[in-house]
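Here are some exercises to work through with the model open in your viewer. Try each task yourself before you read its solution.

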Amino acid sequence: MSPQNFTFMFYGFTAAWLIIIVYVISIALREKKLRQELDRVKRMVEENEQAKK
Amino acid sequence: MRFLRQTLAIAAKDLRSEIRGKEAVNASVSFALVILLLFSFAFDLEPEQVRNISGGLLWLVFALAGTLILNRSFARELVNDCLDALLASPISGAQLFFGKCLANYVLIVIVECISLPVFVIFYNVVPQRLALLFLVMLLGTWGITVIGTMFSAMTVNLRLRELMLPTLIYPMLIPALIGAIELSRVLITGAPLAESLFWFRVLVAFNVIFTILSLALVDIVLVG
Amino acid sequence: MRLKIILTLSVLAGAILAWNLHRIFLQVPDEASQGAIFRIIYFHVPAAITSFTGFYIAMFSGVGYLISKDLRLDSIAASINEVSLAFALITICTGSIWGRIIWGIWWTWDARLTSYFVCLLIYFGYFMLRRAIDDPTARARLSAVLSIFACVDIVLVWKSIEWFRTQHPGPVLEIRGGGGMAPGMEAPLWWNFLAFLMLAAALILIRTRQEGMRREIDALRRYANAF
């Protein structure tokens, strides 16, 4: 079994895992950004309500 | 019958407007000539090799130049709210779409009929079975037209319309393009036609399937 | 509740993948002609099937939106397509690495790789279209129509490229090897497929929730600006 064969097999598995991990990280980052924006907009709505009263 | 009459009215309107203005056809023909010129620099080929890639060259030229016409198809109606007027009129979205398809088809075939002799002269390639080649051109062009007009309707209101249309339609057109390219190559090089009959079926199937699908879905795209 | 489902799915998926890795590396014998590299099949094929399944389920979700006009179905469709796109990327990368060993080149216009690349391009276009439209209903409508076209087209693309490569032969990715996979070798493939499905489901649930948050933000913003 050539060593190159083994190396590339590990490259293959690494590539697959790397893509999954990068995707999960990007989802997590998006989640954080969305939560921050949601909180900001909720605060903005509350301030508008207060201002109107 | 009324469907056809109203459809033809739309097609005639578009054709009349284009023939009077000649903007899209001129731009398209010029673009086709430029591409033919660029390909002559891109590849340095023996005559035999040229004949082998002739199908691909020809259909790349047709597809790229045709996009210019397809882009304008619905975009021309945005001025003065003409698109809203058309959608509010008694004709259905399918009739509007089919009329524009017919008009685009005629225009792209005109561009192809001008480009083909230029291609023959530039690349020194004389097609053996011209009638069959013309049939392949008609079949392949319908596939490009139907998908292109449908996506033109989809992207009409977008900012990056000119960029989005080619990006969306070329992957979709691959079966039709491969079929047309293979058949053209076989017809130009004089190879036996029998083994390539499969591609005729692919072209016809592509045209039928996507014409029906487009007619069914275009109302949703245009109106909602 | 939802969080619990997501966690359970992810943990199960992770467990199956880990156990399978053990099997793949230690128990499955090397393939006669290809050697160790063939084990990539255990990621390549499940990822491929997962992505195709995803694209078709997303199409039905889009059709569901067109019928019911419920924007949640559009969110589900977009999430499924995004996750399937990630798995399609895995398919192409692992296929390319496999090809590097078997054929000595990183890329070739083999029928499957080419069809997959076309599929990738079509769905990149899908997401470009979604980004270019601001109005949510228009975006949902056009995305649904595009995904119908895409799914019908993928079948035609696959068949025509396959036939094209039969006429102009190129390297062939022997995945099933004529149905001659030894009995011990095939099982991990289906277990990995199950694991990928569960992982995909977890990711889709998370993404759908994010799309829901995005809609809530838009609605609140409109409410705030209306007064």
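## Warm-up: chain A

Of the 53 residues of chain A, 9% count as buried, where buried means that 20 or more other C-beta atoms, placed from the backbone, lie within 10 Å of the residue's own, exposed means 12 or fewer, and partly exposed is in between. Before going on, a word on conventions: this is a predicted model, in which local features need pLDDT of at least 70 and side-chain atom pairs count only at pLDDT 80 or more, while totals for chains, interfaces and linings use all residues. Residues are numbered from 1 along each chain as its sequence is written, and chains are lettered from A and ligands numbered from 1 in the order in which they are written.

**Exercise 1.** Describe the secondary structure and the overall spread of chain A.

*Solution.* Step one is to list the elements: chain A has 1 helix and 0 strands. Here helices (H or I, at least four residues) and strands (E, at least two) are DSSP runs, numbered from the N terminus. Step two is the extent, and the C-alpha trace spans about 80 × 5 × 5 Å along its principal axes. Step three is the radius of gyration, taken over C-alpha atoms and set against the globule rule of 2.2 Å times the number of residues to the power 0.38. Chain A comes out at 23 Å, well over the 10 Å that the rule gives for 53 residues, so chain A is more spread out than a compact globule.

## Chain B on its own

**Exercise 2.** Apply the same steps to chain B: which elements does it have, and what does the globule rule say?

*Solution.* Start with the elements: chain B holds 8 helices and 0 strands. Next, take the box along the principal axes, which is roughly 55 × 35 × 30 Å for the C-alpha atoms. Then compare radii: a compact globule of 224 residues would have a radius of gyration near 17 Å, and the 18 Å of chain B agrees with that. Now add burial, where 44% of the 224 residues in chain B are buried. Finish with contacts, which require C-beta atoms, placed from the backbone, within 7 Å. Among those in chain B between residues at least 6 apart in sequence, 87% join residues at least 24 apart.

**Exercise 3.** Is B:Arg16 buried or exposed?

*Solution.* First locate the residue: B:Arg16 lies in helix α1 (residues 2–21) of chain B. Then count its surroundings: B:Arg16 has 11 other C-beta atoms within 10 Å, so it is exposed. For a sense of scale, the C-alpha atoms of B:Arg16 and B:Asn26 are 15 Å apart, with these positions 10 residues apart along the chain.

**Exercise 4.** Characterise how α3(B) and α7(B) cross.

*Solution.* Two packed helices are described by the angle between their axes and the distance between the axes. The axes of α3 (residues 47–75) and α7 of chain B come within 8 Å and cross at roughly 145°; these axes are lines fitted to C-alpha atoms over the stretch in contact, with angles running from 0 to 180 degrees between N-to-C directions. The residues of this contact divide into 12 nonpolar, 8 polar and 5 charged. In that count, Ala, Val, Leu, Ile, Met, Phe, Trp, Tyr, Cys and Pro are nonpolar, Asp, Glu, Lys and Arg are charged, and the others, Gly among them, are polar.

## Putting the chains together

**Exercise 5.** Which pair of chains has the most contacts, and which elements of chain C take part?

*Solution.* Of the 2 pairs of chains that touch, chains A and C have the most contacts. There, 29 residues of chain C are in contact with 23 residues of chain A. On the chain C side, α3 (71–102) and α6 (183–226) are the elements that give two or more residues, and α6(C) gives the most, with 12 residues. That side divides into 19 nonpolar, 3 polar and 7 charged residues. Chains A and B, by contrast, do not touch, and their nearest C-alpha atoms are 24 Å apart.

**Exercise 6.** Work out the make-up of the side of chain B that touches chain C.

*Solution.* Begin with the count: 22 residues of chain B are in contact with 22 residues of chain C. The elements giving two or more residues on the chain B side are α7 (161–189) and α8 (197–222), with α7(B) giving the most, 9 residues. By type, this side has 18 nonpolar, 3 polar and 1 charged.
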